[in-house]
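Biologist: I'd like a close look at one part of this model, the place where the chains come together. Could you walk me through it slowly, with some background on the pieces on either side?

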Amino acid sequence: MSQLPASAQGASWWRTLRGFQGRNLWFAAFVAPFVLGLLVFVYIPIAWSAYLSFFDARNTINPTRFVGLQNYRYLLTDPLFQNSLLVFIAFAGFIVPLTYVCSLGLALLLNGLTWGQAFFRSAFFIPTACSYVIAAMIWRLSFFNGARFSLANQLVRGAGGDNVNWLGGTNYWYWLVLVSLRLWLQVGFYMILLIAGLNRIPTDTYEAAALDGATGWRTLRYITLPQLRASTVAVLMLLLIGAFQAFDEFYNLLGSISGYPPYARPPLVHLYLISLGGQQQDLGLGGAGTMIVTALIVFFGLTQNWLVTRADRRAG
Amino acid sequence: MSFSRRNFLFLSGGIAAAAGVTACGSDAGMDSSSDSGASGGAGGNVALSQWYHEYGEEGVEAAVKSYAADYKDATVTVKWNPGNYDTLIPTTLLTNDVPDVFEYGNGPTLDMIQQGQVVDLTDTLGDAVSKFNPSVMKRLTFQDKVWSIPQTVDMQLLYYRKSMLDKAAVEPPKTMTGLVEAAKAAKAAGMGGFFAGNDGGVGVLANMLIWSSGLEQLNAERTQAGFLEPEFYAAISAYRDFFNSGALVQSASAEWYDAAAFINGEAGLQWGGLWSLTQVREALGDDFGVLPFPKIGDSGREAVPFGAFSSCVTAKGKNVDAAKQFVKWLWVDQTDKQVDFSNSYGTHIPAQPDLVPRASKLSEGAGKDAATFVRNSGFASDIMWTGPLGDAFNAAVINVVKRNADPQKEFAAVGTKAKAELKRVSG
């Protein structure tokens with residue numbers, strides 16, 4: 001082999017970098033803006049919050065007073081925060097399966113329709129496009145208002161009951177309001193994801209099963225659900241993250257000019273209140289809190305994933 | 001809308017802001033004029049910028065711009081800031097592009113002072129400090145230094161229907177027991193009882209239970225809670241009984257900061273803002289009276305909460321001295337402008353008591369009473385009553401009143417929290 005001139009060597013290096021037909025270049029051209037955006041608006045802020053969480057960072061983003069784990073200790077010994085975490089672990093354990101079952105139920109029903117499928121799919125999906133704030137206002141001011149003119153109270157009175165103060169906090173009915181609103185807003189979206197999953201199951205599998213005499217429940221249990229596992233895993237993960245990140249509908253249903261009640265308080269609402277809620281701007285506490293919530297999401301997310309995919313591992 | 005204004009009234013500093021909310025509907029054309037406009041014309045070479053939040057009443061923006069234009073020693077540019085002003089200011093102060101002068105509810109926060117973001121105005125104010133309402137100045141002073149100059153004062157108070165109480169032969173309530181009795185009389189008269197918000201009043205009245213039972217939020221050294229006393233436990237138990245008595249209206253068509261529930265008879269007595277005074281007078285004529293929150297227990301006292309938007313000077317500004325001179329000129333010397341600011345757009349109280357008689361809305365009747373209440377019984381949340389502390393306190397109040405928790409146990413936890421919190425923020 002005779003040695004190539006330096007320029008030719010450089011050109012070949014460049015050619016490798018560019019890739020066939022300049023594919024690598026195009027890849028970089030398309031991906032770089034998003035990576036840059038992610039870096040600037042997501043990863044750097046995450047790292048910066050982690051950094052701030054070890055400082056006394058009130059009204060500053062360049063703190064100088066290192067406080068070690070003090071912010072973490074402060075939050076973990078805060079009874080309201082402890083309570084909020086416990087309630088929302090329980091809430092996740094309840095709302096994730098409930099939303100999943102409702103979405104799957106709707107998806108299966110719609111999938112079986114021979115006419116009007118597109119119409120019903122849109123009808124159930126439309127709430128997804130509705131603002132959480134606006135929906136919360138409607139729930140709070142007209143459906144579940146504590147006064148006698150609200151829709152729910154008119155129904156209750158029609159059935160011979162007394163006016164209920166739904167969101168007042170003297171009873172537990174606010175959970176009904178919160179859960180019904182959340183389901184109305186979210187079920188349609190996950191339904192669409194699951195319908196997409198259902199459409200990917202080949203019909204000949206069902207035909208083969210039908211020839212073997214499988215119907216109804218058995219088809220669902222042994223064909224549909226296993227084939228839907230990939231969608232299920234994704235939907236459950238999104239639901240779990242969503243449960244821990246609950247904010248908008250809670251804040252707008254229960255919050256008021258004087259703050260937020262101690263019950264049904266999502267961790268993020270609590271963190272918002274104590275770090276940014278009044279006139280203060282305590283970025284150290286806020287940073288520590290988000291780290292704690294992130295750790296919880298990662299832990300429960302991994303656990304859930306492990307549980308859901310257990311069957312696969314067994315089969316494998 | 002109350003829901004969009006997330007951080008209202010946490011430190012009860014948002015009282016004035018709440019006044020803005022109630023009048024929100026009246027200023028639809030605000031967007032077009034929200035740009036910063038140069039208002040100074042003949043001013044000197046020095047350029048200053050001054051920030052306000054968006055007042056709800058019509059005409060305030062034009063008024064503050066004309067005040068600034070009258071200043072001869074500098075060119076003052078007024079910026080009118082719609083949106084979440086409480087968050088805008090702390091965020092802006094982190095940057096290098098800060099206003100020279102800005103207003104803030106009850107002066108700068110503890111964090112702004114500790115971070116050195118605002119300057120000490122003690123010398124600027126000098127002897128003039130004695131011209132101002134002492135309750136207000138006490139709130140604006142921290143560690144013997146004055147950090148801002150009050151612009152105008154807002155407050156909350158108790159409205160009642162005169163004719164209704166007369167008919168029932170019940171005295172206007174001066175004590176908690178009297179309030180319960182009056183509320184029951186109102187209910188018997190078919191008006192609903194006492195209304196202080198759709199949360200049963202626990203939000204807006206929480207701090208009143210401390211002050212009205214003769215106690216303070218914090219001890220004198222600001223090292224621990226100052227209200228963990230039998231008087232306070234008795235006060236909150238009394239309020240819980242009231243809450244459960246059926247004479248406390250728990251749901252109405254509007255919130256406490258709107259006078260609608262009082263005007264249309266959903267409540268015979270209502271806790272509300274001074275900002276509703278004109279509206280109530282138009283609707284009911286002379287058939288109403290105002291009172292401070294009644295005293296609770298034998299060692300109690302009457303109390304009203306106040307909030308004062310006050311002018312602060314930023315440390316990063318390029319002309320700190322000129323800015324100091326400007327705020328002194330506007331909020332100390334220019335008394336005509338101060339009266340105009342308080343009296344011409346909604347109902348507010350001038351921060352200098354000597355100017356109160358010049359405010360036509362406060363010259364007689366309920367308005368005059370209100371001005372007296374602030375002077376004699378005005379309270380505002382302590383500067384070290386932080387967001388987390390206020391939140392923990394309000395949570396405990398809700399747990400006791402609505403969920404029958406034991407007051408001693410609930411507030412012992414708040415006491416522990418207070419100690420830790422005060423240590424944290426002072427260190």
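Before we get to that, what percentage of the 427 residues of chain B count as buried? And then, which residues and elements make up the contact between chain A and chain B?

Modeller: Sure, and keep in mind that this is a predicted model. To take your opener: 62% of the 427 residues of chain B count as buried. That chain has 17 helices and 14 strands. Of its contacts between residues at least 6 apart in sequence, 75% join residues at least 24 apart.

Now the interface. On the chain A side 46 residues are in contact with 45 residues of chain B. Together the two chains bury about 4000 Å², and carbon and sulfur atoms give 51% of that. If you want to know which chain A residues to click on, go for R58(A), I257(A) and Q279(A): they lose the most area to chain B, together 23% of what the chain A side buries.

There's a fair bit of polar detail here too. Between the chains you'll find 14 residue pairs in polar contact, along with four salt bridges. In terms of elements, α3 (70–76), α6 (132–143), α12 (248–254) and α13 (267–277) of chain A each bring at least two residues to the side that touches chain B. The largest share of that side, six residues, comes from α13(A).

Let's zoom in on some of the charged pairs. D78(A) reaches K417(B) in a salt bridge, with N to O at 3.4 Å. Another one joins the side chains of R424(B) and D282(A), at 2.8 Å from N to O. To find this pair, look on the chain B side in helix α17 (residues 407–426) for R424(B), and on the chain A side in the loop between α13 and α14 (283–308) for D282(A). Both R424(B) and D282(A) are buried. There is also a network: salt bridges with shared partners tie D56(A), R58(A), R65(A) and D111(B) together.

That network deserves a closer look, since R58(A) is one of the residues that lose the most area to chain B. Within chain A, D56(A) and R58(A) form a salt bridge at 3.2 Å, N to O. D56(A) also forms one with R65(A), where the closest N and O atoms are 3.3 Å apart. How covered are these three? D56(A) has a relative accessible area of 12%, so it counts as buried. R58(A) is at 5%, so it is buried as well. R65(A), at 34%, counts as partly exposed. For scale, a search of the whole structure gives 13 salt bridges over all chains.

Next, the pieces behind each side. Chain A is assigned domain 1 (6–52) and domain 2 (71–136 + 171–315). Their C-alpha centres lie 34 Å apart. Just four residues of domain 1 of chain A are in contact with six residues of domain 2 of chain A, and the two bury about 320 Å² between them, 72% of it on carbon and sulfur atoms. On the domain 1 side, S49(A), A50(A) and L52(A) supply 92% of the buried area. The count of salt bridges between these two domains is zero, and the count of residue pairs in polar contact is zero too.

Chain B is divided into domain 1 (15–154 + 306–379) and domain 2 (156–304), with 29 Å between their C-alpha centres. Here 22 residues of domain 1 are in contact with 19 residues of domain 2. About 1700 Å² is buried between them, 70% of it on carbon and sulfur atoms. In domain 1 of chain B, T347(B), F373(B) and F379(B) lose the most area to domain 2, together 36% of what that side buries. Between these domains there are zero salt bridges, but three residue pairs in polar contact. Among the elements on the domain 1 side, α15(B) gives the largest share, seven residues.

Finally, the core. The largest nonpolar core has 141 residues, and F194(B) and F411(B) have the most contacts inside it. Its largest share, 13 residues, comes from helix α8 (residues 174–199) of chain A. A second, separate core of 62 residues includes Y52(B), V290(B), A322(B) and V356(B). As for F194(B), its contacts beyond four places in sequence include L158(B), L179(B), F242(B), L269(B) and W271(B).

Terms used: Residues numbered from 1 in each chain as written. Chains lettered and ligands numbered in written order. Predicted model: local features only at pLDDT ≥ 70, side-chain atom pairs only at ≥ 80, totals over all residues. Heavy atoms only, no water. Core = buried A, V, L, I, M, F, W, Y, C linked by side-chain atoms within 4.5 Å. Buried < 20%, exposed > 50% of the residue type's maximum accessible area, 1.4 Å probe, protein only. Helix = DSSP H or I, 4+ residues; strand = E, 2+ residues; numbered from the N terminus. Contact = heavy atoms within 4.5 Å. Domains from an automatic or database assignment. Buried area = accessible area lost by both parts, 1.4 Å probe. Polar contact = N/O pair within 3.5 Å; in protein donor to acceptor, adjacent residues only side chain to side chain.
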